[in-house]
Each structure stands twice: as structure tokens, then as C-alpha cells.
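Reader: I should like a close look at a single part of this structure, described step by step.

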Amino acid sequence: MKKIIHLTINELDHEIAVEPNKTLADLLRYDLKLTGTKKGCDTGDCGACTVIMNGDPVNSCLVLAVQTNGSRIETVEGLSTDEGIHPIQKAFVEKGAIQCGYCTPGMIMSTKSLLDKNPNPSEQEIREGISGNLCRCTGYTKIFEAIESLRS
Amino acid sequence: MKEFDIISTRANRIDTPDKATGRAVFVDDISRPGMLYGALLQSPHAHAKILSIDTSKAEKLKGVKAVITSKDAGSIKYGVSPARYDETVFAIDKVRYVGDEIAAVAAESLDIALAAVDLIKVEYEILPAVLTIEEAMKDGAPLLHEGSPKNLCAEVHQEFGNVEEGLKNSDIIITTKMKNKRQDGAFIEMQGCIAEFDNLGVLTLTSSTQVPHYVQRTVAMVLGMDIGKVRVIKPYVGAGFGIKASANPMELACCILARKTKKPVKMNYTRDQVFMLARARHQFSHTITTGAKKDGTLMAIKHECWLDGGAYTSFGIATVYYTGSLLGGPYKLDNMSYDGYRVYNNKPACGAQRGHGAVIARAAFEQQLDMIAEKIGMDPLELRIKNMMETGDTTCNDLNMSSFGMSECIEAVRKGSGWDQKKGKMPKGKGIGMACGFFVSGAGYPIYRSDTWHGTVIVKLTEDGGTALVYTASAEIGQGSDTAFAMIAAETLGIPLENVRLASGDTDMGVDLGAYSSRQTLMTGHATKDAAEHAKRQVLEVLAEQLKAPVENMDIRNGFVEFKGAAPDFSELRTRYIKEHRGWIDNPTSEKLSFKEASRIAFLERGSIVGTGKYKPHNLGGKFKGAAVGTSPAYGCSAQVAEVTVDMETGQVTIDKITDAHDCGKAINLTSVEGQMQGSVSMGIGEAMHEEVIFDKQGRVLNHDLAEYKIVTSMDMPKVEAIVVESDEPNGPYGAKEVGEGAIMPTIPAILNAVYDAAGVRLNELPLTPERVYNAIQEYKEKNKIK
């Protein structure tokens, strides 16, 4: 039996009927075609599916869609504005913090959550802020540099 | 060296704006109208005879469109190297590891496909399984493959020079053993694919692969199709590191399901299936004896290695050769012998992973260099400098170092790490260690024996003259190759980078052997340069005809035509261009003739300006058996210094800093080169510190997820200082060579040498778990009677 849920995704209101066992990651990717959010494990280990839910980063593969009823979700697709790409996205591009790019959307959402709460994070806080996001390509070094460049 | 306009800059990568915004399309982001979902039935047993397969219940399930087994897939064998084809799409008579493919289902949804898989009934006769080299080699052990007695998959015996003589003339002889653990690629994107046939019988396979070309050939061969009727498209790929460098059984099953159902079919591995397929780094067990003179001169290496291969050959035949051939350098050494053995057993097959075959041999040997240095009271860094090969030198197994900035790399890490101030002066528990390494810039020969071009590239100028389109079948999998080729094309044509558009990863665009053996920058780079030169030459030829000026007096740079001496009058050409350009408001006004004008005129005179380029290496290597493996047109090399802290009470090792210098020839994109260095270091740290695929007694992977299989996280990664050392490689495009794999070679031994410096213990087994290090420290304390 599907359940009707109401939620806001990237400031757009949605009313959707979802199966009770559908994850938020699958809802975003396969039903709403917001494929910027990636799946790297489906078990909450890699962080590639990170989105921001009511201000906090979550592994969207561990959140059931029905749990998001009434929530505010931000995904990587919601970051760019009419003025262009988001400063975090720009910093990742310019600092070479992206290689294969598969972890990038999740990494950027964790970064956004970190900087929203703490605009001037220390090195340790940056490391902790993205500790749930695995990257096998970059060795994180240029990701740290990108985030450091965004300190206010 | 020539001054460059685009090469050697830190240009932003052309693919990353899409990757940063979520627009970059990976295979699972694609869906097709009417698409079905596939799922695999894989063996739960490590070794068993298949007595019967009953698919009737699965076929009857509502929503199931096809169930296939070996009856549909046939018995054509495939693999990586044609001489070693030992796999079929589905198991025919028996299964050889937990995960061996037996059947596949296509259905209207993934849930239905998975339910149908559960309904397939297979009767097995369980066979005794062998899970280790020792079990597999025992007399009377069950055999995995007919024709491979003692489960020996491959053996290599080589000797260069005279090792016995070399050791006899040595003052110091050191023998050690070294063992790593089976690794997993742990790329973040799991393999996936979509197969579809059109109404004319043409198959398109979109797949998360590093090697569209090899996948195309394998699919065509297994399905009995012409290569020209199979198109493989690689969308953006979430990395591969070698594991995605051959066709996998899911891709083949997916194509067969698409053929049977006449519908597009999508399949994905789950994370545990990625571990089950494996094809990552082998477990190597090395015994190495190295001899040296009192003055530190290296005399001989005697090397034996056993590779725990798993159930199939995969890349293993290349691996077992690489393990031997990449050990001798980067040092001057006349005598080297190698006895390598790869053994089958009932675990998933191992294959190629970053630093193919050579990483653990290096970890053993570079520790021995430190041991020799200690014995003779020499700084280990000086010992390496003393023995270091120089540009133009050839190893005893015929690998020619046509450029070799190794000494510069050592000096760079000496300075960068403050080696001279730290070595021998650090407090107990703190240590510093170094190591060197080198790697091929592309395999000298294709995986299948052939005279094929290793890369072909097309550069087409758009009819308006403004933009150059670069088409290459090469594989951008995260390393930055698309950007490197766009930069090479722009540099060669003499136009700004933003005027180049590049498309890659599609077998319809040409031949390219793909992203493995660190080959693309040099090989595809050459083909790109060749194609761009061809296109540019055509434009200049037309210009020469039109202006009645000698072609050798013209060039294009920064988007404008440059003339040697006084520029001829080109006003007629400009007028002609402006007439062609009615309606636009950006008519050229510059004093110089623009590339755009020249290119448009060339199109008007000759039609589409298409430059074609190609590359294959010159004949490389010696004449001995296996001489091909390890040859390359060029070798990248690197030196690293690791600084560590060892907790003497708990055995916990913390890496404080890595200083890494790599000679990549001419760096096409400096930021990308550093990225490869830092990424290599992180994979090396993972292998050194915590990565290990663990099996239970039934041959099942126990830690088949990224929680229990521990790769480096942001909390573990030390500070890495990446120093790019440039040389001018004569065999590389604009002097460029590899960086993707050479940079991992010194990481593990540098850490091990630093651990010794800190704690006085030599570890001969990875990973460096606190338990292992603690035990070694206790043993050391007992032996030296330290309380």
C-alpha cells in the first residue's frame, strides 16, 4: 500500500505516493529523476547519497521516503542559482577536488551542512564534517583545500 | 623546452562543473523506455558440481521476461588474455567460487527479477574446496580447471645476468619475506550496465567500464557478433583502479538478456557483488634475496613470489609477469632472477589494481635497501642515489628509461621532508622512512596479441571555424584524461581551451585500449596531438594557397594565425569570412587573422576539416619469454618520505606526513598530476594500514561492505606534500608520461621503513594492524631484553 507524503525538495513542494519500503535515495533518483544524488552502497557506509534533511546531512539510502513526510530536503541539484553554481561547487571545481565525481554530490552536501552551521571550521572540524563521505580517488587533500578556501 | 600556452597550467577540468552540480550522467542515472531489470543467480558454494538447473518456476513468475543459463549463453570461453581464456558467462558443469554466475533473469522490475532468481532451483554436488595456495597445491587437492595440475595457473622463470655469481660477489646478503592481503578496488560507483538492441540488430552496451574497446571485443566474441555491430559507451564512471579493466559476467549476461527480450535491460552489482567479483589486487607472498657490496653497490636480486589467484585467470598472467619485471629498476642492477607462480583456488579471481603486480615486491625490496644501508652505516637515501639509474639506462630485463628524474625526486623529498634534519634524530616512537619506485606509461603491447593501433583520435573543426571537436574512444574514469586531451588538442591547434569540445568513451569514435597501465596520457595523448596537427595542417595549407604564402611561414597560436616576417594581405579572406557571417555582430576586427576565419575558409574550400591521429609504441623489450610485460615507451618514477608515530604500548601506527615527488615528464595539468599523486598515496596507505578482504571457511567474503572493509577516510588521511618533478620524455606527447600508478609504488615501503625507524621492528605482513605491530614490538623487546 502506497502512502501519500508531502515534502519540500529544493524549495519545491511535492505530494507523492510512495511504497512504505522505498528509500529517500530511490525516491529522489528513480521517481523524481534527481539523479545527482548517488548510491555507492545502499547500506549507509559511503555517504555518496548524502542530502540535507531539515538542516542535517543524512544518508538518503537509510531514510525511508515515508519518514520524510513534512520535511525539507536539499539535494545537489538545488544548490545552483540564477547567479550560477554555488560557491562550494565552484571551489571544488577550481581546487581540483573532483576526480571521478561519484562521491562529489554527497561530499558537497556534507560540506554545505558543515559550513551552514560553522562558517569557519578548523582543519579537524572539516575532517569530521566529511568523515561520513568516502572518496577513493582524491586522498581528500584537495577536498580539504576546497573547503578551507570557503572559510569566512 | 618550448613555452606552452595551455599545457602545464592548472586549467579547470572540463568534466567537473557537471560533476559538481549533479548533472554528470553515470550508468545508473540512465533509464530507457520499456527498460527491464536484470539480476544474477550466483553460486552460494565455493566448489560444486551443477547437477541440474530448473528455471520453470522463475519463468512463470508474473513480470519475468527471460531467464537465461549456459544453454542460452553458450560455452565460448573468454577472459583477459586470449591464451588464458578460462571463463564462460555462466557456469556449465561446475561452480568455482562463491559468486560464480549460474543464471540471470530479466523482469519488469528489480524486485521481480530478484524474486525470480530465488525461484531458480539448482541441484549441486558439493565438492571439496581449496581456499589457500597451500591447500590448492597439496597432493590430491581437487582441481579447479582441467589441464592445470596442482592448480597452477601460471609460472614464470626468468634470469637476467648471473644471480649466483652476483650473490657470491656480495658482501651483504639479505633475505626477507613479505606478504600483503587481498585488496578490493572500493571505487564508490558499483559496476552497472544497460544493454539494448536496435531493430537492425545493433547492440549498444552502456557500461561502467575502463576499457570500452576490450569490452566491445569480448561481447562481440561471446555473442558471436561482428565487432562493428557492437557499440560500447562508457558514460561517466565512478572510478575503476584496474578492476573495471575487462568485460565482466554481468555485462555479458545483460547483453544476452537484451537479445532474448528485445528490450533494454539494466543491471547493477550491489556492493557485496562488487566484492564477490573481486578482480582486485592479489595476495602476494614474496621471498627476496638481495646482495650488495660493502660500499652499497647492489649486486643481485633473487626473487620468488606466489600469487593467490582465485578461481580464474583474469589479469593474472600479466600480473605474475609484472611482479617480476617491475622490480629491478629504478636501480642499476645486472643480475636478477624471478620465479613466479599464480595458483588457482576457490575464491573470487584477483586481477589488476593500481600499481599492477609490483606494489608488494617493492614493499619487500625497498625495506631490504634500508637494511643494507643500516648494515654498512649509510644513509638509506644516499644508498638509493648511489645505485640510481640515469636517463637512458636500461634495466637488466630490457626496460629503457628514456627519461628519468629519479634523482631529482629524491632530492625533492629530501628537502621537502627535512630528511637531513630528521633522519636518525627523532625520538623513540617517531620515525621517518623513504622509498622509490617506477611504473610503465602504458603497456607496450595490447592484451590480445595484435599490431593494432593503441589509440586513434579524430579532430573535426566545426563548419563555422570556431570550435574543434575531439573524438576519442578513451576512458575518462576520474583521472582527468578528457581534460588532458582537450588541453593537448588546444595546445596543438593553437586555440583557447574553451574552443575545444571533447567526447570520449564510445567505441564508435575509434580504437582506444582504455584506461589501464597508466597508458592514456602518453598513448591517447600522442594520437590527439597527431590528429590536431593533421587538422591544423589542412587549415594552414588552404591558407597558404589562398594567400600565396609558404605554409612553413605560418602557425596558429592563442587563436590567431601568426606569420613569420610580415603578414601577407588577408583582407580578401576577411571580407569573404564576414560575408559568410551575416547576421552575427562579432565580425573580426583584430589586426591578426583569427583561427576562426582561417578555419571557416578552409571548410569552404575543402569541406569538413577532419584530422585523424593514431599511436602505437615502437618495438619494445627483449626477446625472452614474457619480455612484453613491463615494457613501455616511458616510465614515470617517484620517491616518497613517510613520517610516522608508533604507540609503543598499543602498536597503533599514525602516519603524520607523506612527502611525495613524482616525475611525470611534462605535466599536462599540474592540478590533475597532484590529484593522482595524492590519490595513489591514499590507496597505498589503505593497503598498508587496514585493507584486507576476509573470507570464512566456506569461501564467502565476510567484510563485503565499506564499513568493514576499511578504506582511508578523511580522518585517516595525513598531510601529503605533492611535488611535481618534470622531465622531458622523448617518447611522450609534449614530453608527458604517467602519474596514475607510479605514485603508489613507494608508499607502503616508505611507511614500513618509517615504522622501523620509530619502533625498531620490521613488519613482513600487511596490514599494519595495532595487533600485528604490538606483537612485533613485544617480540623485539623480548629479543633485545627491553622492559
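In what order do the five strands of the open sheet in chain B stand, and which kind of pairing do they show?

Author: The model is a predicted one. In chain B, the open sheet runs in the order β7-β15-β14-β13-β8, and its pairing is mixed. The edge positions are taken by β7 (152-160) and β8 (172-179) of chain B; each has a single partner strand, so one side of each lacks a neighbour in the sheet. From one strand to the next, the twist averages 5°.

At the β8(B) edge, the partner is strand β13 (residues 283-292) of chain B, and these two strands pair in the antiparallel sense over eight bridges. Within β13(B), Thr290(B) is the residue that stands opposite Ile174(B).

Two helices of chain B accompany these strands. Helix α10 (residues 316-325) of chain B packs on the sheet, where it touches β7, β13, β14 (298-310) and β15 (335-344) of chain B. The direction of α10(B) makes about 25° with that of β7(B). Helix α11 (residues 359-376) of chain B, for its part, lies across β8, β13 and β14 of chain B, and α11(B) runs at about 145° to β8(B).

Beyond the sheet, chain B also meets chain A, in a contact that takes 38 residues from chain A and 41 residues from chain B. On the side of chain A that touches chain B, α2(A) gives the most, with four residues. By class, that side of chain A has 17 nonpolar, 14 polar and seven charged residues.

Conventions. Residues numbered from 1 in each chain as written. Chains lettered and ligands numbered in written order. Predicted model: local features only at pLDDT ≥ 70, side-chain atom pairs only at ≥ 80, totals over all residues. Contact = placed C-beta atoms within 7 Å. Nonpolar A, V, L, I, M, F, W, Y, C, P; charged D, E, K, R; others polar. Pairing = 2+ DSSP bridges. Axes fitted to C-alpha atoms, helices over the stretch in contact; angles between N-to-C directions.
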